[in-house]
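Let's take a walk through this model, beginning in a loop and ending up in the core. Have the backbone on display.

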Amino acid sequence: SPTVVIDIFNGFKLSGSFIFMFLIIKELFRKEEGEKMTLAQWAAAILGALFYTFSPSVVDNMKYALVTHSQVFLNPMVFYFLLRYLTTFSLKYVWFALLITFIFSSNFSLQAPPPFFSFYPLAIVFLLLYNFFVLQKTIPWKGIIIGILFFLGLHAFHLVPVLSNVFDKGSEFNTRV
């Protein structure tokens, strides 16, 4: 039945959101590579992940099958990959993030700008400030610029038409902007 299929996909989305929120909180607690977490840190990571996953803003409209619901797990997943890149300087996390954005490219188009523009700029600013002030590491601008250029190249097939509509005086996007 379609309801069962929707429920299965929603279960995957909620499971993914829990897993990646747990990994984010776990990573924020880590001071050194290979350091063990205390029981209190495990409990905080589990509770934080549960709070995010089952907060009303996440689960209230899950009864509808909307493409934007993928943001529930995509935002934490991409955030985690970018966090791991900034802590390890390993470009494989940038490539994982780019692969995920390509697979779920409809969620990274400008057709649905509120989730894209509300989360990612704040997340990137937070990650850069966290990297610079808390971890006291240099910011790897070269990798960030490479990642942004590859992101724009991967998503040019749907970004260019939308951007051309922004500059068309008779379009809805131009009026909104």
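Start with phenylalanine 89: at 39% relative accessibility, this residue counts as partly exposed, because that label covers everything between buried (under 20% relative accessible area) and exposed (over 50%), computed with a 1.4 Å probe on protein chains only. Before going further, note that this is a predicted model, where local features need pLDDT of at least 70, side-chain atom pairs count only at pLDDT 80 or more, and totals for chains, interfaces and linings use all residues. Residues are numbered from 1 along each chain as its sequence is written, and side-chain values use heavy atoms, with hydrogens and water left out.

Phenylalanine 89 sits in the loop between helix 4 (71–88) and helix 5 (92–103); helices here are DSSP runs of H or I with at least four residues, numbered from the N terminus. Its phi is positive, about 60°, even though it isn't a glycine. Most residues other than glycine have a negative phi.

Glutamine 136 does something similar, with a positive phi of about 55° despite not being a glycine. Look for glutamine 136 in the loop between helix 6 (113–134) and helix 7 (141–154). At 66% relative accessibility, glutamine 136 counts as exposed.

Now for the inside. The largest nonpolar core, meaning buried Ala, Val, Leu, Ile, Met, Phe, Trp, Tyr and Cys residues joined through side-chain atoms within 4.5 Å, has 28 residues, and Ile24, Met77 and Phe81 touch the most other members. Helix 1 (2–29), helix 2 (39–53), helix 4, helix 5 and helix 6 each supply at least two residues of this core, with the largest share, nine residues, coming from helix 4. Setting aside neighbours within four places in sequence, methionine 77 is in contact (heavy atoms within 4.5 Å) with Phe20 and Ile100.
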